[in-house]
Amino acid sequence: MSQARHVAIIMDGNGRWARQRHLPRIVGHQRGVEAVRRLVRAARAMGLEALTLYAFSTENWRRPEDEVSALMSLLKRFILSDLDEFVADNVRLKIIGDYRALPADVVGLIEEALARTARNTGSILAVALNYGAQDEIARAAARAAEKGAITPETIGAELDTADLPPLDLLIRTSGEVRLSNFLLWQAAYAELWFTDVLWPDFTPAHLEEALAAFARRERRYGGR
Ligand code: IPE
Ligand code: IPE
Ligand code: MG
């Protein structure tokens, strides 16, 4: 039995959740934020050191402008409403992805949140924003090349996740079985867990189910 230290989640299915209820997609995203809130608290209680959530991909800019701006507003509201709790609960917030390319007001709030939680030593909540693994690996490789040799170790040390524990478990909701450009490098030996549950319906009990499945897996890393 082993306990996962670092879990990452591709939070998918907000749109389908809304469509099934004949509601606008944005309502699905709002309910998705509520699922995030429940889960962040639960993950901490379950003893995870790090939780990484895929919130906005480098490809999500292809969505209609009104959906992109609704997602940015939800993100701002989430930071404004939950930052005090993160500070109080010793959670260190981290962003992976090129978040400086987001709208200026979002960047400002993110930097405030990063600064206010920078010295926290409890669990880490990493949010992937304007994140694409191919972009991350290319940026890391460029920095590694500037410093000298390009090796798996030097690239790994320059990834956005360099200060997180190794990825143990990668979860995707909504029945899609693909990585959609998320943590391609870090997933090399992560365990994968897929569920048909749509993100707004994902509860701490589902996370417990995934962690229990993880604990039963035998990780061999190519050895025997
Ligand atoms: C995931 O839900 C949230 C984001 C990508 C921001 P989707 O919006 O992708 O929901 P579906 O896949 O259309 O159901
Ligand atoms: C992946 O979901 C991105 C996030 C959850 C933020 P998508 O819904 O964008 O992925 P595809 O388009 O189905 O691959
Ligand atoms: Mg989707």
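A polar contact is a pair of N or O atoms within 3.5 Å. In this predicted model, an N or O atom in the side chain of Arg 172 lies 3.3 Å from an oxygen atom of ligand 2, so the pair counts as a polar contact. Two further side chains approach ligand 2 through polar atoms. That of Asn 60 lies 2.9 Å from a ligand oxygen. That of Asp 12 lies 3.2 Å from an oxygen atom of ligand 2. The protein covers 77% of the 390 Å² of accessible area that ligand 2 has on its own.

The shell around ligand 2 comprises Ile 10, Met 11, Asp 12, Tyr 54, Ala 55, Phe 56, Asn 60, Arg 63, Arg 172, Arg 178 and Ser 180. By class, 5 are nonpolar, 2 polar and 4 charged. Strand S2 (residues 50-57) contributes the most, with 3 residues. Ligand 2 occupies the largest pocket.

Ligand 1 also sits in the largest pocket. Its surroundings include Met 11, Asp 12, Ala 55, Asn 60 and Arg 63. The shell around ligand 1 holds 3 nonpolar, 5 polar and 4 charged residues. Helix H1 (14-20) and helix H2 (25-45) each supply at least two of these residues. The largest share, 3 residues, comes from H1.

Backbone and side-chain atoms both reach ligand 1. A polar side-chain atom of Arg 63 is 2.7 Å from an oxygen atom of ligand 1. A polar backbone atom of Gly 15 lies 2.9 Å from a ligand 1 oxygen. For a backbone N or O atom of Gly 13, the distance to an oxygen atom of ligand 1 is 3.4 Å. The protein covers 86% of the 380 Å² of accessible area that ligand 1 has on its own.

Note on methods: Residues numbered from 1 in each chain as written. Chains lettered and ligands numbered in written order. Predicted model: local features only at pLDDT ≥ 70, side-chain atom pairs only at ≥ 80, totals over all residues. Heavy atoms only, no water. Near = heavy atom within 4 Å. Polar contact = N/O pair within 3.5 Å; in protein donor to acceptor, adjacent residues only side chain to side chain. Areas by Shrake-Rupley, 256 points an atom, 1.4 Å probe, with all protein chains shown as cover. 1 Å grid on protein atoms, 1.4 Å probe; cavity = no way out; pocket = protein on both sides within 12 Å on 5 of 7 lines; lining within 4 Å. Sits in = over half its atoms within 2 Å of the grid points. Helix = DSSP H or I, 4+ residues; strand = E, 2+ residues; numbered from the N terminus. Nonpolar A, V, L, I, M, F, W, Y, C, P; charged D, E, K, R; others polar.
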